Protein chains: 2
Amino acid sequence: MVLAAQKFLQIYSVLKARVESGEYPVGQLLPSENTLITEFHCSRNTVRRAIGELVRDGYVQTRQGWGVCNIFHPIEQTSYTMGTIESFRETARRTGQKSTTRVESFTRILADQALANQTGFPVGTPLFCLWRIHDLNGRPIIFNISYLREDCMPHLTPEIASESLYRYLEEELGMVIVTSKRTITVEPATDLDRRWIDLGQYNCMAVVTNQAYNSQGVMFEYTQSRHHPAIFRFQDNAVRRPVQDL
Amino acid sequence: MVLAAQKFLQIYSVLKARVESGEYPVGQLLPSENTLITEFHCSRNTVRRAIGELVRDGYVQTRQGWGVCNIFHPIEQTSYTMGTIESFRETARRTGQKSTTRVESFTRILADQALANQTGFPVGTPLFCLWRIHDLNGRPIIFNISYLREDCMPHLTPEIASESLYRYLEEELGMVIVTSKRTITVEPATDLDRRWIDLGQYNCMAVVTNQAYNSQGVMFEYTQSRHHPAIFRFQDNAVRRPVQDL
DNA sequence: ATAACTCACTTGTTTAAACAAGTCAATTGG
DNA sequence: CCAATTGACTTGTTTAAACAAGTGAGTTAT
């Protein structure tokens, strides 16, 4: 039951495709849980789990006593999708654009107090420091500053880094990347930014700070992605939960 | 079982507090599901649901065959929390800052083609158009442009809007706000922005576009929140899900 | 010594059942 | 005619059980 995707993911995919294709009209109700149970030959919990994922995606909305309402609106092609971790390369491939990455600097350092405060690595941690430029359709648009724990990837090279870093970590090292904490801010452009990115009239960068944890709960990556503001776009679906101060 | 919060939320709150207080040390495992079951006198599903919420919050991380690892790091005080919908007023109160809101303009319009394209409202929809300024500690920092469906809140007044709009909708009208789609972009500052917000050296705004849906699946609000870039900060926890192209 | 296996533990998935609670239309009672 | 009730539907919460599958330590067989 691992080669074939889990049942709830299969059902999720089918329902998602139907919503996207318009098979379930926007603004109307999906079939009830009972109907879906008989269609997919599964338990109610499994149907509910699939629907729960669609809710998280902002595709549908549930209402007790009423049903599951389709609220799908096509998203912008160029946007990031939040709620999942997606690399630059994956986003570019999904949106059908041509992306390249080049390494501008690759050094080894120890985390000093200032860097420890900024990143959250313990003082003295051996780190790779990596500067990369991402081009989209031939134009540089993202300046990437990464700090990577050396003890998690001792044999990292600039060649590997210019390929997909995440593919290397996952496929070669068998590392499972589980959680990623992201912060979005807007910061004044630095000289380093302008050295590579043509900002035109803008004097700011959209900065995504990313802290990634492996399956052992160790933070192995701290990356600042400094985006050209004109191409930056982040999308998210929020579900309001009851406010509770227990 | 509705006055007393649901069981899984109670357990969630207790575990969350323990993680935040350091009762469960960072980097170590939480008690196993079985241990928690006996402590809370509940079923395994209920414990798992509580833990699932902590995972979504980026507080803990699970690993099959191993356990639940505490990866909590205190978040920035001034940051938004994604994954939940929180109003400006709620955020300010949570972070202990003094906030005020004033209405600069309150008009009624019909959605024309351009506005329909921008917002997603059907052409001809009667709308309230609302300009608000949010002050934090006496300084204007957010310029808010809202379009609100008139038929969802016929008796809206500027006085209500200067109070909490969401409180009015929820408590007075009984409207349940369920889903909210947000997009974050960085845009050049306009003359309208500069009329109210002192940007200093910056020439951009951090823009959060928000589309809110009520429980009937109707989009009733489209709001552009144009933030002073220096105080803007958005935080999020992403969980990597298996990529699957069924 | 080491490789393979076993075993006790962990979390992950799925099913089944019961009851709570919201919604809406039809029916009933005044 | 209108208000209240009923009843059939919906989703929401919780329990219980079974099996799958990953982890790591200890044991066994070679």
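## A sheet shared by two chains

In this predicted model, seven strands make up an open sheet with antiparallel pairing, in the order E9(A)-E7(B)-E8(B)-E9(B)-E6(B)-E5(B)-E4(B). Strands (DSSP runs of E, at least two residues) and helices (H or I, at least four residues) are numbered from the N terminus, and two strands pair if DSSP finds at least two bridges between them. The edges are strand E9 (233-239) of chain A and strand E4 (99-110) of chain B, each of which pairs on one side only. On average, neighbouring strands of this sheet are turned by 15 degrees against each other, direction ignored; the axes are lines fitted to C-alpha atoms, for helices over the stretch in contact, and angles between N-to-C directions run from 0 to 180 degrees.

Residues are numbered from 1 along each chain as its sequence is written, while chains are lettered from A and ligands numbered from 1 in the order in which they are written. Local features need pLDDT of at least 70 and side-chain atom pairs count only at pLDDT 80 or more, whereas totals for chains, interfaces and linings use all residues.

### Strand pairs

The table lists antiparallel pairs with their bridges and one residue pair for each.

| Strands | Bridges | Residue pair |
|---|---|---|
| E6(A) (residues 177-188) and E10(B) | seven bridges | Lys181(A) and Asn237(B) |
| E6(A) and E7(A) | eleven bridges | Pro188(A) and Cys204(A) |
| E7(A) and E8(A) (residues 219-227) | eight bridges | Asn210(A) and Thr223(A) |
| E5(B) (residues 126-136) and E6(B) (residues 139-149) | ten bridges | Arg132(B) and Asn144(B) |

E7(A), residues 204-214, is mostly covered, with eight of its eleven residues buried. A residue is buried if 20 or more other C-beta atoms, placed from the backbone, lie within 10 Å of its own, exposed if 12 or fewer do, and partly exposed in between. Four residues lie between the strands in the hairpin of E7(A) and E8(A), where Gly217(A) takes a positive phi near 80 degrees.

### Contact between the chains

Chain A and chain B each give 49 residues to their contact, where two residues count as in contact if their C-beta atoms, placed from the backbone, lie within 7 Å. On the side of chain B that touches chain A, the elements giving two or more residues are helix H1 (7-21) and strands E1 (60-63), E7 (177-188), E8 (204-214) and E10 (233-239). E7(B) gives the most, with eleven residues. That side of chain B has 21 nonpolar, 21 polar and seven charged residues. Here Ala, Val, Leu, Ile, Met, Phe, Trp, Tyr, Cys and Pro count as nonpolar, Asp, Glu, Lys and Arg as charged, and the others, Gly among them, as polar.

A turn of 180 degrees and a shift of 0.0 Å along the axis lay chain B on chain A with an RMSD of 0.1 Å. The two copies are therefore related as by a two-fold rotation axis. Superposition is by least squares on the C-alpha atoms of residues with pLDDT of at least 70 in both copies. Both copies use the same surface, since 100% of the contact residues of chain B recur in chain A.

### Two helices of chain A

The axes of helix H2 (residues 33-40) and helix H3 (residues 44-56) of chain A come within 9 Å and cross at roughly 110 degrees. H2(A) is therefore roughly perpendicular to H3(A); this term covers 65 to 115 degrees, with angles under 35 counted as roughly parallel, over 145 as roughly antiparallel and the rest as oblique. Glu33(A), Leu36(A), Ile37(A) and Phe40(A) of H2(A) make the contact with Arg44(A), Val47(A) and Arg48(A) of H3(A). By class, four of these residues are nonpolar, none polar and three charged.
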